[in-house]
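Visitor: I am new to this structure and would be grateful for a close look at a single part of it. Would you kindly choose one and describe what surrounds it?

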Amino acid sequence: MLTYQDVVIAPIGVLIDAAQVWDDMADMFKDPQSWYESQVQAVADNGTWVGVSAGTASSRFAMTRKQFADAQVEARAIASILQDAHGQFVRLVGHVKDLVDQAQRAGMHVDSQGRATYDTSKLSPYRTDYDETVKKGNAAAGEWTKSIADAVRAVDDADQGVRLALHEAAGIKDIFQRIPDQVLGLDHPFNGDALGDIELYEAREAKRYADQVLAGQKPDDLDEWARLMRDNSGDQVFSQALLGSLGPDNTLKLSNKIDDLAYFDDTKHKGTYLRLAGGLSDSLASAMKYPDYFVDSQDRQIPFGTPEYDRMLAEARRQNLDPQFYTRWRTALRELGVKNYTLEVAADQAPTGAKGHNQQVRGYQTLATLMQQGHGFSPQFVSDITDDMISAEKKDLHIWNLYGKFDSKSGDAWFANDPVDASLDVMSRNPTGSAHYLDPGTQAGKEHFDYLFGNGDGSRDWNVANTTRWGGPGGNVEYDASNVLDADARKGLSAVLTAAATGTDPSLGPQLIPTSHTDANDRIFRHALDVLSKQGDDMPAPLRDSMATVMSNHGHEVYATMGVANQENAPLNQHEVMEMTKQVSRSEHSYGMLTEGMHSSIVDGFYDSSRKPEDTLSSAGYTVGFMERARYLALKGDQHDFTWDKTWSYHALGAPITLIPGVGDAAQRGVDAVTTAWIMDEQHRQAEKLTGDSQATYDHRRGELNALADQWYTINSSWADGHPGYSAHGGDGVYKQIAGWANDGNYQASGLAGAQ
């Protein structure tokens with residue numbers, strides 16, 4: 001393997017010189033070929049020489065003339081490979097050097113082995129945070145070292161690919177491959193089939209390993225196969241060559257075979273097989289790459305997600321102008337997606353003789369499992385595939401149903417037994433694609449939303465798990481029972497809703513502060529409030545975290561709705577916000593996320609100079625009262641659930657608040673202080689009774705309200721000290737003010753429809 005030093009000192013420029021030499025060599029064979037053809041081969045072919053010897057000579061002369069032609073093909077192929085190699089190395093070696101420069105600018109020293117260490121020479125040992133600074137610097141050094149090592153490995157991967165391509169282009173053969181040539185009297189013929197593309201040779205080699213696995217064998221060089229996929233899976237030429245040679249059917253079979261090896265048959269190499277699966281998924285993504293924009297008649301780029309793009313897409317498809325590879329594969333997958341395939345995780349869900357033993361999976365379940373392991377899928381492809389899956393399940397309502405459990409508790413959550421939900425999870429990684437798919441402002445978007453979220457007749461049946469019961473003589477007969485929800489049901493739906501309504505990628509963690517939104521994001525948020533609030537207690541529990549994130553991300557509008565006394569001044573429907581807050585409150589984690597998010601919007605509001613200071617304090621109190629009322633109403637039917645059985649800890653929510661835009665550290669410290677105070681309130685009330693007394697709002701949330709008052713006073717002290725009843729010095733006026741408004745907000749919220 002190449003070392004860091006090998007990479008940074010490599011004279012890459014000589015590759016261009018070598019490529020030119022090989023091109024010149026190809027030219028040098030042109031004249032000898034012409035001369036040989038006219039002066040030598042013609043002697044045997046011009047009719048003056050006849051007989052057996054003439055025929056033999058003609059055949060031999062033709063082979064020799066072909067060697068002149070093949071030599072040109074081989075030489076030009078090698079020249080092309082060297083030119084390709086130069087381009088790759090310029091990019092990859094340049095990345096290594098860029099990383100080193102960045103590390104050095106970040107205060108690191110990078111040694112001759114590529115190891116980064118934190119440079120403390122310019123750091124005063126007397127600074128109060130010396131130890132903490134060094135600790136953070138050392139941790140960063142480890143990350144820089146890994147990044148540099150990964151970049152060096154990428155150069156080595158490319159180098160191995162170049163070596164393979166040169167070896168194949170030169171037609172180097174082993175002893176058995178040379179036997180036919182020796183029979184023909186050729187010691188080492190030139191390669192007339194040489195290719196000038198590194199990726200095509202690597203695709204051929206990757207296909208060889210894939211064929212071994214498809215034949216039920218283990219690959220004879222697992223590491224080399226992994227390198228091939230790691231180095232090339234993002235390259236469309238490689239990906240289309242590999243997948244094109246496999247075909248859609250064998251690609252699905254290969255995916256299942258790799259999973260079988262990873263989880264059952266060769267578990268000691270599980271990590272490598274999973275990386276191979278990820279590489280195969282990435283290859284699918286690059287092979288099925290769909291244009292992110294169209295170019296109109298005025299040479300303007302029309303991006304995905306716009307009405308103009310949709311119109312141009314419809315017209316392109318009307319004229320059958322989709323990319324050919326894309327069209328062939330999508331058409332084939334529509335048929336193969338409903339076909340049965342063998343996969344051990346499904347076949348072994350039940351013992352021999354029981355229902356579910358040796359059950360098979362559908363092609364779309366395999367496809368969705370594969371897609372979840374990769375990245376970079378075009379939003380149009382994911383949208384198309386999801387539509388095709390939905391079309392299939394509308395024709396056969398129980399097409400995905402399987403016996404057994406495929407969830408995180410069973411350890412089999414990696415398998416996408418519900419391919420629609422899995423595809424939505426993949427879709428959620430692209431917020432623009434998610435918003436386009438669920439936008440109620442379009443006919444297709446509204447149909448998608450209503451079908452998936454259960455709005456109206458014909459909405460989706462999410463019960464994809466078969467169950468059985470025992471009965472009959474002696475209770476020894478197994479009967480089919482009802483279909484039920486999978487334990488991980490709607491995981492993808494929750495993620496895609498978050499992405500579509502917030503414009504953020506949920507895989508990067510929930511964004512509990514307001515961010516910028518498109519019109520589509522806003523429409524989806526409001527439509528979700530409308531549809532899901534009407535479901536009341538029937539709203540699916542997996543959507544609680546998502547809606548807590550969405551409401552926090554649209555925190556300015558939600559806060560402005562919770563924090564006012566009447567609907568006329570609220571940007572959102574207060575009844576819908578109450579009902580949604582109520583549903584979110586049925587989950588400890590979800591309610592904690594929403595509370596933390598609202599703290600961010602409340603403290604952010606304290607800095608709003610366009611409002612009167614006293615109004616920002618009253619809005620804070622009203623919001624806390626509103627949320628307390630929603631929580632009470634959500635849990636009043638179950639005293640046990642009210643305590644939630646857990647002790648709160650700061651940021652146990654798994655979603656630390658990031659800085660409030662435009663305000664900075666001071667506001668962040670304020671949010672932290674308020675949330676910490678609220679956590680302490682929660683810890684104190686664990687054993688208390690649930691009460692509907694509005695006066696109890698302040699008693700239950702005293703610490704939280706007082707912390708909010710403290711933050712408000714810090715920002716508005718000049719105004720407060722000049723207005724009686726708001727001072728925090730020598731009295732508790734500001735605390736009484738926010739307490740009163742909290743109780744008023746609680747009382748006012750009790751009259752909303754969602755509070756009935």
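Guide: In helix α30, the buried residues are G733, V734, I738, A739, W741, A742, N743, G745, N746, Q748 and A749; buried means under 20% relative accessible area, exposed over 50%, and partly exposed in between, with a 1.4 Å probe and protein chains only. The model is predicted, with local features requiring pLDDT of at least 70 and side-chain atom pairs pLDDT 80 or more, while totals for chains, interfaces and linings use all residues. Residues are numbered from 1 along each chain as its sequence is written, and side-chain values use heavy atoms, leaving out hydrogens and water.

Helix α30 covers residues 733–749, 17 in number, and spans 24 Å from first C-alpha to last, close to the 24 Å expected at 1.5 Å a residue. That expectation is 1.5 Å times one less than the number of residues. Helices (H or I, at least four residues) and strands (E, at least two) are DSSP runs, numbered from the N terminus.

Another buried residue is E478, which is located in strand β10, residues 477–480. E478 has no salt bridge, that is, no side-chain nitrogen of Lys or Arg within 4 Å of its carboxyl oxygens. K355 is the nearest side chain of opposite charge, 6.0 Å away. The backbone nitrogen of K355, however, lies 3.0 Å from a polar atom of the E478 side chain. The side chains of E478 and T468 are joined by a polar contact of 3.0 Å, a pair of N or O atoms within 3.5 Å, one able to donate a hydrogen and the other to accept it.

Terms used. Lys and Arg count as positive and Asp and Glu as negative; His and the chain ends are not counted.
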